[in-house]
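Work through these exercises with the model open beside you. Try each task before you read its solution.

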Amino acid sequence: MAAGWRSAILRQLRVPVRPALAPAMERRSWIGAVRWSGIRFLSSGDDHLDKQEIIDRVLSVVRSYPGVESSKVTPDCHFQKDLGLDSLDVVEIVMALEEEFKLEIPDKEADKIDSCGIAVEYISSHPMAS
Amino acid sequence: MASAVGSGLSRAEAFSLLRSLLRTAAKFSDYNIREYVRRRTIDGFRENRGLTDPSAIASAFSEGRSQLEIAKRQAVVYSIYAPQVKNIMELNAS
């Protein structure tokens, strides 16, 4: 008699076993939904390089050119007047800057770049510089 | 080059030819050939800097242009068999 009662009661009390995955997955998706739903990180304004970073990279490119004295390289040095380079060297330096910043500078603009300052200005105003 | 006047060839054209050659050099996938093309163009232009005779200037220009055509074709051909591994000189010194 007691055994019959016991098993009947146990049958009522026994909790059906659910697969372990479902609750965990539900929990994860719930957390994901809460975290990402309202917040979107659209930052197109950070594409432009920091001016100081541009200056540093330009100067390092100029410094690594053979025949350039490191001490004379300043953020506004003139390639031909201050550094004693000739026009061929200037073209080479502009090409090296093109490679560094992954740009393609048209000939007309490249002819105007003849000092570090102008190079920095051009690169910072170029939308594709990276 | 500084005194390249006459027959329509100007300083600007010389620079444009130089830039085209250097840009074509950058397209090579092989480090050695890339560096050679760069070196050779710079040396070639430097060597012909002081030309004054218009015919000599014109012949130098035409030679440069033919070399440019050759380099462009070869860049395409070499890219078909690009090396799989980067040349050691291209790896940044760590």
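**Exercise 1. A proline on chain A**

Where in chain A is A:Pro66 found? Then classify A:Pro66 as buried or exposed.

Solution. A note before starting: this is a predicted model.

Step 1. Place the residue. A:Pro66 sits in the loop between H3 and H4 of chain A.

Step 2. Apply the cut-off. Exposed means over 50% relative accessible area. A:Pro66 has 65% relative accessibility, so the residue counts as exposed.

Step 3. Check the distance to A:Asp89. A:Pro66 and A:Asp89 are 23 residues apart in sequence. In space they are 9.5 Å apart, C-alpha to C-alpha.

**Exercise 2. The interface**

Describe the contact between chain B and chain A: residues, area and composition.

Solution.

Step 1. Count the residues. On chain B, 14 residues are in contact with 14 residues of chain A.

Step 2. Take the area. The two chains bury about 1300 Å² between them. Carbon and sulfur atoms carry 54% of it.

Step 3. Find the main contributors in chain B. B:Arg19, B:Arg23 and B:Arg46 lose the most area to chain A. Together they account for 46% of what that side buries.

Step 4. Count the polar links. The rule finds eight salt bridges across the interface of chain B and chain A. It also finds eight residue pairs in polar contact there, both residues at pLDDT 80 or more.

Step 5. Assign helices. In chain B, helix H1 (11-27) and helix H2 (31-47) each supply at least two residues of the side that touches chain A. H1(B) gives the most, with eight residues.

Step 6. Sort by type. The side of chain B that touches chain A has seven nonpolar, one polar and six charged residues.

**Exercise 3. Three arginines of chain B**

Which residues of chain A form salt bridges with B:Arg23, B:Arg19 and B:Arg46? Are B:Arg23 and B:Arg19 buried or exposed?

Solution. Side chains of opposite charge can pair when their charged atoms come close.

Step 1. Start with B:Arg23. B:Arg23 forms a salt bridge with A:Glu98, the closest N and O atoms being 2.6 Å apart. The pair crosses between chains, from helix H1 of chain B to helix H4 of chain A.

Step 2. Check burial. Buried means under 20% relative accessible area. B:Arg23 has 19%, so it is buried. A:Glu98 has 5%, so this partner also counts as buried.

Step 3. Move to B:Arg19. Its side chain meets that of A:Asp111 in a salt bridge (3.0 Å, N to O). This pair runs from helix H1 of chain B to helix H5 (residues 107-112) of chain A. B:Arg19 is buried at 3%, whereas A:Asp111 is partly exposed at 40%.

Step 4. Look for shared partners. Salt bridges join A:Asp86, A:Asp89, B:Arg46 and B:Arg49 into one network. Within it, the side chains of B:Arg46 and A:Asp89 meet at 2.8 Å, N to O.

**Exercise 4. A salt bridge inside one helix**

How many residues apart are A:Arg57 and A:Glu53 in helix H3 of chain A? Give the state of each partner.

Solution.

Step 1. Start from the total. The structure holds 16 salt bridges over all chains. One of them joins the side chains of A:Arg57 and A:Glu53 (3.3 Å, N to O).

Step 2. Read the spacing. Both residues lie in helix H3 of chain A, four residues apart, about one turn of the helix.

Step 3. Classify. A:Arg57 has a relative accessible area of 17%, so A:Arg57 is buried. A:Glu53 has 33%, so A:Glu53 is partly exposed.

**Exercise 5. The nonpolar cores**

Which residues have the most contacts inside the largest nonpolar core? Then follow A:Phe79 to a buried loop residue.

Solution. In soluble globular proteins, nonpolar side chains tend to be buried together.

Step 1. Size the core. The largest nonpolar core has 28 residues. A:Val58, A:Val62, A:Phe79 and A:Leu83 have the most contacts inside it.

Step 2. Trace the helices. Helix H3 (51-63), helix H4 (87-101) and helix H6 (116-124) of chain A each supply at least two residues of this core. H3(A) gives the largest share, six residues.

Step 3. List neighbours. Not counting residues up to four places away in sequence, A:Phe79 touches nine listed residues including A:Val62, A:Ile93 and A:Ser115.

Step 4. Find the second core. Another core, of 14 residues, lies apart from the largest one. Among its residues are A:Met95, B:Ala14, B:Ile42 and B:Phe45.

Step 5. Turn to A:Ser115. A:Ser115 lies in the loop between H5 and H6 of chain A. Its relative accessibility is 10%, so A:Ser115 counts as buried. Leaving aside neighbours within four places in sequence, A:Ser115 is in contact with A:Cys77, A:His78 and A:Phe79.

Notes
Residues numbered from 1 in each chain as written. Chains lettered and ligands numbered in written order. Predicted model: local features only at pLDDT ≥ 70, side-chain atom pairs only at ≥ 80, totals over all residues. Heavy atoms only, no water. Contact = heavy atoms within 4.5 Å. Buried area = accessible area lost by both parts, 1.4 Å probe. Salt bridge = Lys/Arg side-chain N within 4 Å of Asp/Glu carboxyl O. Polar contact = N/O pair within 3.5 Å; in protein donor to acceptor, adjacent residues only side chain to side chain. Nonpolar A, V, L, I, M, F, W, Y, C, P; charged D, E, K, R; others polar. Core = buried A, V, L, I, M, F, W, Y, C linked by side-chain atoms within 4.5 Å. Buried < 20%, exposed > 50% of the residue type's maximum accessible area, 1.4 Å probe, protein only.
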